[in-house]
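Visitor: I'd like a close look at just one part of this model, the place where two domains meet. Could you walk me through it?

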Amino acid sequence: MQISTPLTDEVIAGLHAGDAVSITGTLYVARDAAHKRLVDALEAGRPLPFDLRGQIIYYMGPSPAPPGRPIGSAGPTTSYRMDPYTPALLRAGLKGMIGKGNRSPDVRDAIVRYRAIYFASVGGAAALIARSVREAEVIAYPELGPEAVQRLEVVDLPVIVINDVYGGDAYEAGKAAYRRERTA
Amino acid sequence: MREIQARDVTETVARLCQEACIDLGEDVVQALERALREEVSPVGRAALEQILENARVARAERMPLCQDTGLTVVFVELGQEARVVGGALPEAIAEGVRKGYTEGYLRKSVVSQPYSARINTRDNTPPVIHYDVVPGDRLRLTVVPKGGGSENMSALRMLVPADGRQGVVDLVVSCVDAAGANPCPPIIVGVGIGGTVEKATLLAKRALLRPVGQPSPNAEDAALEAELLSRINDLGIGPGGLGGRCTALAVHVETFPCHIASLPVAVNIQCHSARHKEAVL
């Protein structure tokens, strides 16, 4: 399935855990240190460096761009570290997240409550994923180095829906389908 | 006394950092190809295909396999009949990391003041260096860029003697189960059993340097490795954590004698981007 950003409620309602999706459009890159700053700003009533509403945050810290390329390797980082900050960002209008790995119960509840979506890309497939990135620009917190907030333009970024608005969880379903219980 | 130039150490470390981050070892590639042949889950096979394609792209385009090019762990084996001249060995290694990560466009992923300011050191230093003195007149350098996502899923537990073999099995399997999709499966699991707190942990890390899937030369440890691998691959986590039968490519166990009161067990998780390169000077 092909989707583009920003995300609408209609598009999100059509996505189900386990769907393979290809994303084209603008993404915002933020990880640990940037999340802390974004939520500190929200709590202090200060403006954010970009308008969150309808947008997707990609949990990622790229390697430096070699000459002639927009970005270095660009795979997802583990999402649970952003869990303490995520409900506040969803409340503020964020609609999508791309990362890898399991989310907390609080985040999964917030995804349902705020009609949002959590995607994963394949962790460690970073050189391959970089081919989908056409432009990258640091837009905030440059002093954080690889943790700065960036705006990306991507074409056909391959992801899988993990947590949907219906409470579905592709990791749990996948694990349950292939798990063999030991009786001994 | 054979003399080894510090600048040669620096150049070698710089080269190893780049090769490790870009060229996936042939043992890892073969283990992934075997996993692809054996995996029954379609979504798991798709993830393995992406991982193998990524390794080809990284090699062809000289791009890092993973954007997380790690905290640089360096194992040093210095022959007792060799000495380093023209500079201090620790600084020569750190300079190699600085040069390798800067010239190779590798990500600088190290922060100082870990529990407070967390300021990026901008050159991926300092490395974590482990030294051993060995017979001979050579210097062996093994560079291991260790990613944070899999390192975070690792564990150390001080079991008691009564826990025995079953305690070890339960700890390792529950650690991998709890990690789920987080550490980028299929993983390699390093298990260090015995010694002390730091010895067990170092054994677990060293276990990750063994060629993937090469069994322990000790038959009892090899049997434990086989049982752990089977149990881990029954968890269902699968490649990418999306469901499947290949959650781990291998389990490597290393042991050491321990105190009559203790049974230390360390589990060091390695993602499929299992990077290490070595050179002998």
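Visitor: How many salt bridges does the rule find across the interface of domain 1 of chain B and domain 2 of chain B?

Guide: Sure, and keep in mind that this is a predicted model. The rule finds two salt bridges across the interface of domain 1 and domain 2 of chain B. In a salt bridge between Lys146(B) and Glu151(B), the side chains meet at 2.9 Å, N to O. Besides that, four residue pairs are counted in polar contact between the two domains, with both residues at pLDDT 80 or more.

Now for what surrounds those pairs. On the domain 1 side, the elements that give two or more residues to the surface touching domain 2 are β2 (71–79), β6 (128–134) and β7 (139–146) of chain B. The residues on that side split into five nonpolar, two polar and four charged.

Stepping back a bit, domain 1 of chain B is made of 2–20 + 65–146, while domain 2 covers 149–274. Their C-alpha centres sit 26 Å apart, and the contact draws eleven residues from domain 1 and twelve residues from domain 2.

As for area, about 800 Å² is buried between domain 1 and domain 2 of chain B, with carbon and sulfur atoms giving 60% of it. In domain 1, the residues that lose the most area to domain 2 are Phe75(B), His130(B) and Lys146(B), together 61% of what that side buries. So Lys146(B) turns up twice: once in that trio, and once as the salt-bridge partner of Glu151(B).

Technical notes: Residues are numbered from 1 along each chain as its sequence is written. Chains are lettered from A and ligands numbered from 1 in the order in which they are written. This is a predicted model: local features need pLDDT of at least 70, side-chain atom pairs count only at pLDDT 80 or more; totals for chains, interfaces and linings use all residues. Side-chain values use heavy atoms; hydrogens and water are left out. Domain bounds come from an automatic or database domain assignment. Contact means heavy atoms within 4.5 Å. Buried area is the accessible area (1.4 Å probe) that two parts lose on being put together, summed over both. A salt bridge is a side-chain nitrogen of Lys or Arg within 4 Å of a carboxyl oxygen of Asp or Glu. A polar contact is a pair of N or O atoms within 3.5 Å; within protein, one must be able to donate a hydrogen and the other to accept it, and residues adjacent in sequence count only if both atoms are side-chain atoms. Helices (H or I, at least four residues) and strands (E, at least two) are DSSP runs, numbered from the N terminus. Ala, Val, Leu, Ile, Met, Phe, Trp, Tyr, Cys and Pro count as nonpolar, Asp, Glu, Lys and Arg as charged, and the others, Gly among them, as polar.
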